Structures are given as structure tokens and as C-alpha cells.
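User: I'd like to walk through a model with you, one question at a time. Could you take a look and reason out loud as we go?

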Amino acid sequence: MTVTDDQGQAPGSPALTELPEDVEIATEEGKRLASLLQDSERHARKLLEVKNLSTHFFTADGTVHAVDDVSFELDYGETLGLVGESGCGKSVTALSLTRLVPDPPGKIVAGEILFDGVNVMKLSSNEMRLLRGKRIGFIFQDPMTSLNPTLTVGYQITESARIHMGLSRKAADDRAAELLSKVGIPRAKDRMRDYPHQFSGGMRQRVMIAIALACDPMLLLADEPTTALDVTIQAQILELIRSLSEEFGTAVILITHDLGIAAGMCNRVNVMYAGRIVETGKVDDLFEKPQMPYAWGLLDSLPRLDEIKGERLRTIEGLPPDLIDPGAECRFSPRCPYARDVCREGEPELSERAEAGHLARCFGTEPGGWIQ
Amino acid sequence: MATRTQTLATGKLGERKTTGLWRDAFGRLIKNRLAIVGGLIVLLFAFIAVFGPLIAPYSYREQDVAAVAANGNRPLGAFSEGHLLGTDKLGRDLLSRLMDGAQISMTVALVVQIVVLGIGIPVGALAGWFGGRIDNFLMRITDVVYAFPDLLFIIILSVAFKETWFGRALDGLLLVFIAIGLVAWITMARLVRGQILSLKETEFVEAARAIGVSDRKIVMRHLLPNGIGPVIVAVTLGIPGAILAEATLAFIGIGANVPRASWGSLIDDGRAYVRADSHLAIFPAIAVALALLSFTFLGDGLRDALDPKLKGKQ
């Protein structure tokens, strides 16, 4: 089965892949990756398998357990949401997948990441560049600062195509113009020569999407792609990501703290709290029957249209725990209105709920638990 | 209403100019009168430096012995017949010697800055990009060079190499240029390091990494062009320092071998006659001052023009 077949591949994108000249292939895993890059077949059961990933930051105050024992899987072409409040480890998880965690102070201390069957952790840092841009595209939160102000938009879009596909200047330009018009920028050919400051925020995010999709990646990591944009532009950008990922057959990991966005975009959702996944499931199951008080709290704090006027927005009381020493208890128990002694004595494991693939980390909602 | 439709019809959409960063900066620069005056004088000096020997009335070594003898063996004063700025005691035309000196001073300006850029940018970029031990090592070296007395270093170098081929190259000037450059790169290295340090934390660098751009290319294509503004300013403002350093060295007798003379050595020569024939010291001094001021004004203008905070103002 091919991921990008005839209609899935962007028109004009060359089938042949050339390896960047300056990447030295040193490890066995690197050799494997290099051979896998020659075609766009699927090489594994799942596009992405993350097992027991832990990323820590070694700071002067102590070790921050930013991502703690996180495991999840992602199917080819699937859209996965990663939701949770600020500082819960969403972005660090995404950065860890591409090994872009700033080091020092950050470090992936444990875990295994299999991308299309390739063990990412075994690649040399040089070989990682084969994956970045080529197989994994990245969209950042703030389009105002993610583009280089001194380079033309055209150059920045062609950069990855020229690195990874060995395209000539002309061919890369054509491809960039085509991508620009695909992401909805009018007069794409002319605007290639423009600089980022001549684009509005929404346009720049479109440019970022064009950059991320330049090499027709298998996975798109979108780290709060609409947080810096106003609501009408948000909807356009999300729709663009959705339609392009469908057209290109690209899997998406969408990081957001906006449950509405997650509900509208994703097939499955992982809820993260304090560096851990606390609930995961198909989007319908999770929104219909959330199995973890934290997820309820998140859903409950959404503003509603049928709200009584003047009523205050609901919040989750308290603050997330200090990730330097999270303790052995359930990490949500200090803020949980349903918490019992058992929650403070040990942390629950992710366990199955009624629906297939719906797991939650909560004693109270486990079969026979006290929360119904 | 009619006017509005008109604006729309002839609207600027189609013919909108691409305004790059450099065009913007240039637009701001030419609005700055002092900078433009400075720039024009710099261009004039540069022109004289290149074509001076061709347009000078005399050669720098040509002696008008007859005129000096007719003047009672004294240097000719300014505005004498045939010698606009007079001559020295040996009958050599001062204007011609100044024009030849311009060549030396402008070469100083150029060569020293090339040495400064050639050492300063790589050292600063390596230190800033890699950080840690490499940064520590390189910055301690710059500290040592910084702590060493400049003039002493240049004098030691000049004396040590004076009799080698290196010391004789370019009438002894190459040695002086390199020596000045070897003490002047520190500021540039620190500046570039600071630029790289602040720029490497930006999101567009992370974005470049995320598409697999190599470290070398990130530094060359993404970081350095962003930090180039302050570097250009530092170069322009460093030139007067270099010209002054050369003049200082010439004044104490290090530098151009006779009979060539730089502005500094002309001032030194004129010093002996400063009471009776003050023009011999004054005109070279004016030339030095004018060059310094012009470069400084141009540098200030460039700094304002390239300052991103001023963007869109004025």
C-alpha cells in the first residue's frame, strides 16, 4: 500500500528523492532510513509508535520531568490531537519526536520512537536531518517570528525542497509557487520575491504550511498553529490544514489547548496533564463520555452559547503540580473534586474503558470505581 | 465616490514595488544629510586613492628644487604658483603627497577591515553558535588580545618582521595593516558572538532546523544576514580608528618607507616646521580629520538606517 499515490501526491512533485549531499550516513539505522526514503511506501504497521518517552530538562532548580513515560501510536493519514493546558508537555512531546528539544538543558532520557519503522533514537543527529522536512513537517505557533525576515518567502519555501529533493533552482521555484497558490496566496509567482514583513499573520501561517508541506511529508506536526491568529483566520487555517492533509494523505499531530479545535479536526485525542497522557480515545468517545475528571474540567471550562448571561466561566481550581517532583500520587488528585485516599497513595495506570481504544488514568472511573 | 473608483482602477496593487530590507534601509539613509555628505566625501577619497597618481599634478617624489632655492631654501607656502598647497623643504608638492597618502589611508581602511572581518566573524560565529567550551576558549583568547596593549603589540610586530619579505611588502605597509587588524578584530568577534547568541534562540532558526537545514547553512544563510546590520556599522565606524592608528604609527616612524608618506608621517614631517610653515602639518591634519568625520557620519547614518526598531518611521 502506498501512502502517496497518484492523486495523493501533489502535482509536479518529483517522485525521485535525492539525499542531501552533506548528510553523512554513519549508523545502521541511518542506512535503513536512507533506503526507505527512496520510495513513499509504508514500511511499518503504524506511522508512529512512541513507547515510554521521557524528556527531562536539567535546570538549576532540579530536573523537570516535562514528558514522563508517554506512549502512543499514530496511523498513516490519521489526525491526532494533543490537548492540555500550558506546560503539560504537549510541545515538548512534539519536539522530542523530531529530536529538536533544546539540549542543554533538555534531553530525551528514555523511550523509543519508531517512525515508519525507523528507530529515531538510533539515528545520529546528522541523519535526523533526513527526516526533518522530508518526512516530518513542522508548523510553529507564531508565524510572525517563525519566518526569517532577511530571506524571501520563495527562498524559504524552496529551501527544504532543494535540500531533500535535490531540485534545481527552477524546479524548486515552480514547486514553491504551486504550493503557495495551494495554500491560498493569490499571485503566488509574484509574491515569492516578497519578504515576510510584507505578509499578514494569516498569510505567513499559510506560508509556514507551504514550507511544512514542501516535501510532501508523511507527518505534519502542528504546534498550536492558530493560537497567534484571530478567530476568523483560525478557521481558514485549520480548514487549510485539514484539506491539504487529506489531499496529501499526511498524518497530523495537532497540538492545541482549544478542545473545540480538537473536536473538529481530529480522529483521536490524547489528553495530557503534567507530562503524562491521562486519557486517550476516539474523538467522539472522549467528548461524549470523558473518563477522567481533568477532561471533564477542560470540557466544563469551555464557554457555551446557551450560558446564562452574567455567569462566570468555570475553571479548574488550583495549579498543575511542580514537574520537578511530581510525587507518586495521581498528579491530578490535588485539584480533583472526586479524589479519595487511594488517589493520593499511588498513581493509576492507563486502563481500558467501555469503548475500544478509550483509555483513562483514573481509579474513580475504572470499572467498579466510585465516579459514574 | 468618483475618486474612489478611480483609485481602485489605477490602484497600486499591480505595480506594487517589492521593498526589500536593503531598499528600505537605503531609503532611510539618503534622507540623512550628514550621512550623505560623509558618504560623498568617502567616495571622493576613494576616487583619489584609486586615481590619485594619475590626476596628481606631480609625482609624490618629484622635487621642485629651483622653486625652493628661489624661496631662500624654505618650503613654499600654500597657494604658491604651481603648488596649490605649497611644497616641503625638499620641494615636493604637498597636494600630490597628500593624494598619495590618501591611497595609503584608504588601503588601511580596506585591508584592516578585511582582516577584522576575516578573523572576527568566524571567531564570533563559532563561539556564539557552539557555546560551551568552544565559546569559553575563543573568548578567553580575545580577552588576552584585548588586555595586551595595542600599540606595544603593533610596535613589537613591526620591529620583529621589519627585515623580512613580509615587512617589506607594499612599502612596509602590509605589516602595519596586518598588525592593526590583529588587534582590532576583538570588537567584531564580540559583536558577532552577541548577534549569533541572540539570534540562535529565535523561532525561525528552530523552523530552519525543523526542515533539516544543516548547522553550517543556518549560520551562513539565516543568522549572519540577520546580524549584518550592526557588522556594517562596526566596519564603517572601525575605519576611522584604523586610519588613526596608521597615522599614529606613522607619526612615531613605523609604517610607510620613505619617500612614500602617509598622512600621519606627513604630519610628523610638518611638525618640525610648525611655527614657520604651519601648512605642512595643517593640511595633512585636515585630511585625516575630514576622513574620520566622513566615515563616522556615514557609520552613524548606516546605524540609524539599519536599525530595525526605526522601521516604518520617518
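User: Thanks! Let's begin with helix H6 of chain B: what length does it reach from its first C-alpha to its last?

Analyst: Happy to help, and please keep in mind that this is a predicted model. Helix H6 of chain B covers residues 132-147, which gives it 16 residues. At 1.5 Å a residue, a span of 22 Å is expected, and the model comes close to that, with a reach of 22 Å.

User: Is H6(B) largely enclosed or largely in the open?

Analyst: A residue needs 20 or more other C-beta atoms within 10 Å to be buried. Of the 16 residues of H6(B), 1 is buried, so the helix lies largely in the open.

User: Now chain A. Which of its elements has the highest mean pLDDT?

Analyst: Chain A as a whole has a mean pLDDT of 83, with 94% of its residues at 70 or more. Among its elements, helix H1 (residues 28-36) of chain A has the lowest mean, 78. The highest mean, 92, belongs to strand E8 (residues 251-256) of chain A.

User: And over which residues of chain A is the pLDDT below 50?

Analyst: There is one stretch to treat separately from the chain average of 83. It has 26 contacts in the model beyond near neighbours in sequence, and its pLDDT is below 50 over residues 1-15 of chain A.

User: Back to E8(A). How many of its residues are buried?

Analyst: Take the two directions in turn: A:Ala251, A:Ile253 and A:Ile255 point one way, while A:Val252, A:Leu254 and A:Thr256 point the other way, and all are buried. That pattern goes with a general rule: in a regular strand the side chains alternate between the two faces of the sheet. The strand is largely enclosed by the rest of the structure, because the number of its residues that are buried is 6 of the 6.

User: Which residue of E8(A) stands opposite A:Gly81?

Analyst: Strand E3 (residues 79-83) of chain A runs parallel to E8(A) and is joined to it by 5 bridges. Strand E7 (residues 219-223) of chain A also pairs with E8(A) in the parallel sense, over 5 bridges, and there A:Ala222 has A:Leu254 as its bridge partner. Opposite A:Gly81 in E8(A) stands A:Leu254.

User: Which strands are the edge strands of the sheet?

Analyst: The sheet is open, has 8 strands with mixed pairing, and follows the order E6-E7-E8-E3-E9-E10-E12-E11 in chain A. An edge strand pairs on one side only, and here these are strand E6 (136-139) and strand E11 (351-352) of chain A.

User: Which residues have the most contacts inside the largest nonpolar core?

Analyst: This core has 173 residues. One of its most connected members, B:Ile180, touches B:Val112, B:Ile154, B:Ala242, B:Ala245 and B:Glu246, leaving aside its neighbours within four places in sequence. The residues with the most contacts inside the core are A:Ala210, A:Ile253, A:Val271 and B:Ile180.

User: Where the chains touch, which element gives the most to the side of chain A?

Analyst: The contact takes 25 residues from chain A and 17 residues from chain B. On the side of chain A, the elements that give two or more residues are helix H3 (125-131) and helix H4 (153-165) of chain A. The one that gives the most, with 4 residues, is H4(A).

User: How do the residues on that side of chain A divide into nonpolar, polar and charged?

Analyst: We are still looking at the 25 residues that chain A brings to the contact. They divide into 9 nonpolar, 8 polar and 8 charged.

User: I noticed backbone angles worth checking. Is A:Asp116 buried or exposed?

Analyst: Most residues other than glycine have a negative phi. A:Asp116 has a positive phi near 50° and is found in the loop between strand E4 (106-115) and strand E5 (118-119) of chain A. With 24 other C-beta atoms within 10 Å, A:Asp116 is buried.

User: What about A:Asp69: how does its burial count?

Analyst: A:Asp69 also has a positive phi, about 55°, although it is not a glycine. It is found in strand E2 (residues 62-74) of chain A. Because it has 14 C-beta neighbours inside 10 Å, A:Asp69 counts as partly exposed.

Technical notes. Residues are numbered from 1 along each chain as its sequence is written. Chains are lettered from A and ligands numbered from 1 in the order in which they are written. This is a predicted model: local features need pLDDT of at least 70, side-chain atom pairs count only at pLDDT 80 or more; totals for chains, interfaces and linings use all residues. Two residues are in contact if their C-beta atoms, placed from the backbone, lie within 7 Å. Ala, Val, Leu, Ile, Met, Phe, Trp, Tyr, Cys and Pro count as nonpolar, Asp, Glu, Lys and Arg as charged, and the others, Gly among them, as polar. A nonpolar core is a set of buried Ala, Val, Leu, Ile, Met, Phe, Trp, Tyr and Cys residues joined through C-beta atoms within 7 Å. A residue is buried if 20 or more other C-beta atoms lie within 10 Å of its own, exposed if 12 or fewer, and partly exposed in between; C-beta atoms are placed from the backbone. pLDDT is the predictor's confidence in each residue, from 0 to 100. The expected span of a helix is 1.5 Å times one less than its number of residues. Two strands pair if DSSP finds at least two bridges between them.
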